[in-house]
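Take a moment with the sequence and the model below. Then follow the chain from its overall fold to its partner copy.

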2 protein chains.
Amino acid sequence: MAMDDVPGSMGTSAGFALRLGQTIFSSASLLFMAYGVQFYSYSSFCFLVTIMGLVIPWSFTLALLDGYSVLVTCPVRQKGNNGFEFRLMNRKQVLSTLTLAAASSGASVVDILMRADESFCPSNICSRYLLSTIFAFLAWFLSMGSSLFNLWLLPSL
Amino acid sequence: MAMDDVPGSMGTSAGFALRLGQTIFSSASLLFMAYGVQFYSYSSFCFLVTIMGLVIPWSFTLALLDGYSVLVTCPVRQKGNNGFEFRLMNRKQVLSTLTLAAASSGASVVDILMRADESFCPSNICSRYLLSTIFAFLAWFLSMGSSLFNLWLLPSL
């Protein structure tokens, strides 16, 4: 398989879609979490907000690079030079792991809060927490897909 | 690098140590969680127990295979036949991801419970939950190490 046929790699439209979706989902997760609720009372939600603050600029930069490369049809990456992509892959996998950890710890706190009594967590606030973790899981799915696609790069290194 | 020099692959002593540690840590996690505490009140702890119940037989079987292969110096795997190891790798990564999710969701519930009042979670029970999640994280570290070592197999496929 030629390098440029690998789906989801730098500068392809599939890669652009993956990163754009990741940016949108993680921004939605951060917005639902950050406005009007006291997320800093729970360390899991603090962790979720921190990780989303890391993921958003990272995926947004990659989406910009991919979008530029698709629009002007100018390859960002030279043929045969996969070192850049390989280094990106490692960071992507680390961020994907962190997103999974944040999303699942947020989900378990949401589960506990929704079973507690109403005074502890009013239902409009609880549904915000729930939406935020759902978007975090969606961002993780995209990010995991992107790093799984990148495994196909390894044999060509 | 020759196939048999890859550390942590099937039938090496490093692989045996990794799997034995994984078995011990996940059993410790399950035991601390399962005896004398009502883990089924919290869905995160139920998830943790389920995943540990999956990880223990899996890593125990692999540890037995590795130990047999090390003791009798009879290679389990023929040279040049990496398909078996490759299929193992996929399952290992799935289990490692699930262990991370279970450990971090358990940790966030422990964090919430330790901040709640004493009547909600007596301190002797809380410390059991805490120890159980710590062992789950240790099991995840070993399992992640084992699947990272396995990435070195990919170029030889």
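The text below goes through the fold, the surface and the symmetry.

This is a predicted model, in which local features need pLDDT of at least 70, side-chain atom pairs count only at pLDDT 80 or more, and totals for chains, interfaces and linings use all residues. Residues are numbered from 1 along each chain, chains are lettered from A in the order written, and side-chain values use heavy atoms, without hydrogens and water.

Chain A has four helices and zero strands (DSSP runs: H or I of at least four residues for helices, E of at least two for strands). Along the sequence the pattern reads α-α-α-α. Of its 157 residues, 45% are buried (under 20% relative accessible area; over 50% is exposed, in between is partly exposed; 1.4 Å probe, protein chains only). Take the contacts (heavy atoms within 4.5 Å) between residues at least 6 apart in sequence: 81% join residues at least 24 apart.

The accessible surface of chain A is about 7,700 Å² (Shrake-Rupley method, 1.4 Å probe). Carbon and sulfur atoms hold 69% of that surface. A:Met114, A:Leu130, A:Leu131, A:Ile134, A:Leu138 and A:Phe141 form a nonpolar patch of about 500 Å² (residues with over 30% relative accessible area and no salt bridge, nonpolar side chains joined within 5 Å; a salt bridge puts a Lys or Arg side-chain nitrogen within 4 Å of an Asp or Glu carboxyl oxygen). Helix 4, residues 123-151, gives the largest share, five residues. A:Leu130 lies in helix 4 of chain A. This leucine, A:Leu130, counts as partly exposed because its relative accessibility is 33%.

Now the second copy. A turn of 180° and a shift of 0.0 Å along the axis lay chain A on chain B with an RMSD of 0.0 Å (least squares on C-alpha atoms of residues with pLDDT of at least 70 in both). The two copies are therefore related as by a two-fold rotation axis. In chain A, the C-alpha of A:Ser105 is nearest the axis, 2.0 Å from it. Both copies use the same surface: 100% of the contact residues of chain A recur in chain B.

Conventions: Patches are made of residues with over 30% relative accessible area and no salt bridge: like charges are joined within 9 Å, nonpolar side chains (Val, Leu, Ile, Met, Phe, Trp, Tyr) within 5 Å.
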